[in-house]
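Got your viewer open? Let's take a walk through this one together, stop by stop.

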Amino acid sequence: RSRRQRQMCIRDSIEIASRAYMKKKQSKRLLYISSIAAAILISVSVLLFPKEQSLDELYSEYADWDQLTSYVEQSDTHNEFAKGEVLYNTKKNIEAIQFFETYRKDKTNTLYAASLVYLGASYFANNNDVKAIEIYDVLINSDSYDSSKGHWYKLLIYLKQKDTEQIKKTLEIILSHPNYYKHQLAVEIDKEL
């Protein structure tokens with residue numbers, strides 16, 4: 001080969017290698033940009049749309065339906081209210097609803113607010129979320145010392161329903177009143193959302 005042919009061959013080889021290098025560099029750049037875009041999309045979606053799994057986890061962590069306050073002394077087995085608590089605790093929801101509905105009629109009863117808590121929980125356990133929320137609204141609007149419990153139990157229902165709009169509204173109410181029932185737990189939930 002002549003010197004000129006060798007130079008052209010070398011130049012062609014350099015050009016081919018250069019194109020291959022540029023193609024590889026562009027491919028790496030595209031991969032880098034795609035990775036950044038994916039990371040941004042994931043971050044935005046996590047912030048804007050809470051994972052259903054995380055709402056399920058929050059509900060599981062904070063739901064305390066089996067630990068409703070008992071207003072009956074253990075030794076007082078003949079107490080009428082104790083019958084309702086037993087119905088609720090043994091998952092006899094329809095009977096518990098019927099029982100606590102009778103207490104709902106007497107607003108002067110000292111266990112009126114407690115009966116609303118159990119009544120709402122019984123409706124919820126019986127898969128009637130709408131009626132449970134209605135009962136907790138009655139509790140919230142009562143002049144009872146325990147009226148703020150209604151907000152907490154509505155929050156639990158909204159967590160179970162994965163209703164992010166109502167979760168935020170209800171959390172806002174609880175967080176704006178430091179003396180509300182389970183306020184500190186609401187603070188923790190708000191941080192986790």
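## First stop: the end of helix 5

Start by selecting Asn-127, just after helix 5: its phi is positive, at about 65 degrees. Keep in mind that everything on this tour comes from a predicted model.

Now step back along the chain and select residues 112-125, which make up helix 5. From its first C-alpha to its last, this helix of 14 residues reaches 20 Å, close to the 20 Å expected at 1.5 Å a residue. Is helix 5 enclosed by the rest of the structure or left open? Turn on the surface and have a look: 13 of its 14 residues are buried, so helix 5 is largely enclosed.

## Zoom out

Time to show the whole chain. How many helices and strands does the chain have? You should find nine helices and zero strands. Reading from the N terminus, the elements go α-α-α-α-α-α-α-α-α. The radius of gyration is 31 Å, well over the 16 Å that the globule rule gives for 193 residues, so the chain is more spread out than a compact globule. Rotate the C-alpha trace and you'll see that too in its spans along the principal axes, about 115 × 35 × 30 Å.

Colour by burial next, and 34% of the 193 residues count as buried. The accessible surface of the chain is about 13000 Å², with 53% of that belonging to carbon and sulfur atoms. If you display contacts with a separation of 6 or more, 49% of them are between residues 24 or more positions apart.

## A nonpolar patch

Select Tyr-32, Ile-33, Ile-36, Ile-40 and Val-44. Together they form a nonpolar patch on the surface, with about 490 Å² of accessible area. Where does Ile-40 sit? Its place is in helix 1, which covers residues 3-48.

## Salt bridges

Now for some charged pairs. The count of salt bridges comes to ten; here are some to visit.

- **Asp-56 and Lys-162.** Show both side chains, which meet in a salt bridge at 2.9 Å, N to O. This pair links distant parts of the chain, 106 residues apart: Asp-56 is in helix 2 (residues 52-62), while Lys-162 is in the loop between helix 7 (149-161) and helix 8 (164-175). Asp-56 counts as partly exposed at 30% relative accessibility, and Lys-162 counts as partly exposed at 28%.

- **Lys-91 and Asp-66.** Here the closest N and O atoms of the salt bridge are 3.2 Å apart. Lys-91 is in the loop between helix 3 (80-89) and helix 4 (93-104), and Asp-66 is in the loop between helix 2 and helix 3, so the pair ties together parts that are 25 residues apart in sequence. Are these two buried or exposed? Both Lys-91 and Asp-66 are exposed.

- **Glu-165 and Lys-169.** Move to helix 8, where both of these residues lie, four residues apart, or about one turn of the helix. Their side chains meet in a salt bridge at 3.3 Å, N to O. Lys-169 has 42% relative accessibility, so it counts as partly exposed.

## Last stop: a network

Finish by selecting Glu-101, Arg-104, Lys-131 and Glu-134 at once. Which kind of link joins these four residues? Display their side chains and you'll be looking at a network of salt bridges.

Definitions and conventions: Residues numbered from 1 in each chain as written. Predicted model: local features only at pLDDT ≥ 70, side-chain atom pairs only at ≥ 80, totals over all residues. Heavy atoms only, no water. Helix = DSSP H or I, 4+ residues; strand = E, 2+ residues; numbered from the N terminus. Expected span 1.5 Å × (residues − 1). Buried < 20%, exposed > 50% of the residue type's maximum accessible area, 1.4 Å probe, protein only. Patch = residues over 30% accessible without salt bridge, like charges linked within 9 Å, V, L, I, M, F, W, Y side chains within 5 Å. Areas by Shrake-Rupley, 256 points an atom, 1.4 Å probe, with all protein chains shown as cover. Rg over C-alpha atoms; globule rule 2.2 N^0.38 Å. Contact = heavy atoms within 4.5 Å.
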